[in-house]
Structures are given as structure tokens and as C-alpha cells.
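Visitor: Please choose one part of this model and look at it closely with me, and then follow it outward into whatever surrounds it. I am in my first year, so I would like the reasoning spelled out.

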Amino acid sequence: MLSEQMQNALNAQIKIEAESSQVYLAMASFAETQGFEGVSSFMYMHSDEERQHMLKFVKYVNERGGHATISELSKPPLEYGSLKEMFEELFAHEVKVSKSINDLVHISLQEQDYATHNFLQWYVAEQIEEEALARTILDKINLIGDDKGGLYLFDRDVQAITVQPSTGPAV
Ligand code: OFO
């Protein structure tokens, strides 16, 4: 059984994952309107992945006898000044998510909830990957600057990144 504090913290994370999905969906749509097909498919895929992250939490909370609650979401930014700005935002967003996963791990230890601690390990590893991927993309775009030909190739490169939807361990 989840403690009240653990359940509330997990429910807060459900909202964060759902908002991540919305943020990336908005980025996908923006990139599509700018003609960056590769970046746009990457973002659509990433948005789906975030929804999977959210669903894992929902199932886990309910499986442990809690009630996963679905909340209202804040509106994501709809426009970015440039692709670079968008990827900077993506990186900053993932750093924030990693912090909230770390906070959850901390609470699970305080509550001596080792099942939740174990469940969260998948997310800890996933955040390392997500941050690394965002950093790699950001490094590339920093090299290109505003060069149009470079951005065209960048778009194709991003398309080539195959991100398998990460669904994590069965819960
Ligand atoms: Fe759910 O990992 Fe990104 O935000």
C-alpha cells in the first residue's frame, strides 16, 4: 500500500509526464509548420514516449492500491524563436524532470517504500538517456548556428535518430 505522501508525489509526477507529452506535441506541431519534417517526427515520437511514461505511473499507482488522478494540464509554449531555442527548452525541461524523479526516489527512501524505489529505477536510467540525447542534439545545433544548409542537414540527422518508444518494465 502506498503512503499518502508517496501517492501524492506519484500523482504529481503523472501530471509532469502528461505535460511533457503536451510540450513535445506542441514542439512537433511548431516544427512541422516550419518545414522541419525530421525534427517534427522526432518530437511526435517523443510526445508518445512521454505518454507511455505517464501511463506507467498511472498503472503503478492503481496496482499498489492507490488512485492515480488525472489533472488539468498547463498550456505548453506554442512558438519558438528558433530551433536552437526549442532544443534549449527541451534540454532544460528534461533536467527539470530528472530533478522531480530524484525527488520521488528520495521520498520512496524516506517512506521505506522499496517497491516504489525499485519501480523508479527505470525512470532514473531513462532520464540519463533523455538528457544525453538532448545534449547531443543541442551540441549539433550550436555548431550549425543559423546556416540554412546546415539546418536542412540537421533536420535529416534528427530524423535518422531512432528513438524506440520506451515503455519500461511491465507493471
Ligand atoms: Fe518522461 O522523460 Fe522526458 O520528460
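Guide: Let us take helix α3 in this predicted model, and begin with its length: at 1.5 Å a residue, its 28 residues should span 40 Å, and because the end C-alpha atoms are 41 Å apart, expectation and model agree. The helix covers residues 83–110, and just after α3 the residue Q112 takes a positive phi of about 50 degrees.

From here we can ask what open spaces α3 helps to line. The largest pocket holds about 240 Å³ of space, and both α3 and α5, which runs over residues 148–160, supply at least two residues each to its lining. There are 13 lining residues, and those nearest the centre of this pocket are F36, S82, L83, D146 and L151. Sorted by class, the lining of the largest pocket contains six nonpolar, four polar and three charged residues.

The second largest pocket, with a volume of about 200 Å³, also involves our helix. It is lined by 14 residues, of which E19, V23, S74, H93 and K96 lie closest to its centre. Helix α1, residues 4–33, and helix α3 each give at least two residues to this lining, and the largest share, five residues, comes from α3. By class, the lining of the second largest pocket divides into six nonpolar, four polar and four charged residues.

Besides these pockets, the structure holds one cavity of 30 Å³ or more, and its volume is about 30 Å³. Helix α3 takes part here too, since α2 (37–63), α3 and α4 (114–144) each supply at least two residues of the lining. The lining residues of this cavity are F42, H46, F87, L90, E130, L133, A134 and I137, and the largest share of them, four residues, comes from α4. Of the lining residues of the cavity, six are nonpolar, one is polar and one is charged.

Since α2 shares that cavity with α3, it deserves the same check of length. At 1.5 Å a residue, the 27 residues of α2 should span 39 Å, and because its end C-alpha atoms are 39 Å apart, the two values agree. Just after α2 there is again a residue with a positive phi, namely G65, at about 85 degrees. Within helix α2 we also find N62, which counts as partly exposed because its relative accessibility is 38%. The C-alpha atoms of N62 and Q7 are separated by 9.7 Å, although these residues are 55 residues apart along the chain.

The aromatic rings give another way to see how separate stretches of the chain meet, and the structure holds seven aromatic pairs. In one of them, F30 and Y80 are arranged edge-to-face, with 5.8 Å from centre to centre and 65 degrees between the planes. F30 lies in helix α1 and Y80 in the loop between α2 and α3, so this pair ties together parts that are 50 residues apart in sequence. To judge whether these residues are hidden, recall that buried means under 20% relative accessible area; F30 counts as buried because its value is 7%, and Y80 is buried with a relative accessible area of 8%.

A second edge-to-face pair joins F57 and F119, whose ring centres are 5.5 Å apart and whose planes stand at 75 degrees. Because F57 lies in helix α2 and F119 in helix α4, the pair ties together parts that are 62 residues apart in sequence. F57 is buried, with a relative accessible area of 0%, and F119 counts as buried at 7%. These two residues also belong to a cluster, for ring pairs link F57, Y60, F119, W122 and Y123.

Finally, we can set these helices in the wider frame of the chain. An unreviewed UniProt entry places the feature "domain: Ferritin-like diiron" at residues 1–145. In the model, this span is 80% helix and 0% strand, and its end C-alpha atoms lie 52 Å apart.

Technical notes. Residues numbered from 1 in each chain as written. Predicted model: local features only at pLDDT ≥ 70, side-chain atom pairs only at ≥ 80, totals over all residues. Heavy atoms only, no water. 1 Å grid on protein atoms, 1.4 Å probe; cavity = no way out; pocket = protein on both sides within 12 Å on 5 of 7 lines; lining within 4 Å. Points joined across faces, edges and corners; volume = space filled by probe spheres on them. Nonpolar A, V, L, I, M, F, W, Y, C, P; charged D, E, K, R; others polar. UniProt positions renumbered as here; feature names shortened; annotations may be inferred. Expected span 1.5 Å × (residues − 1). Phe/Tyr/Trp six-rings, centres within 6.5 Å; stacked < 30°, edge-to-face > 60°. Buried < 20%, exposed > 50% of the residue type's maximum accessible area, 1.4 Å probe, protein only.
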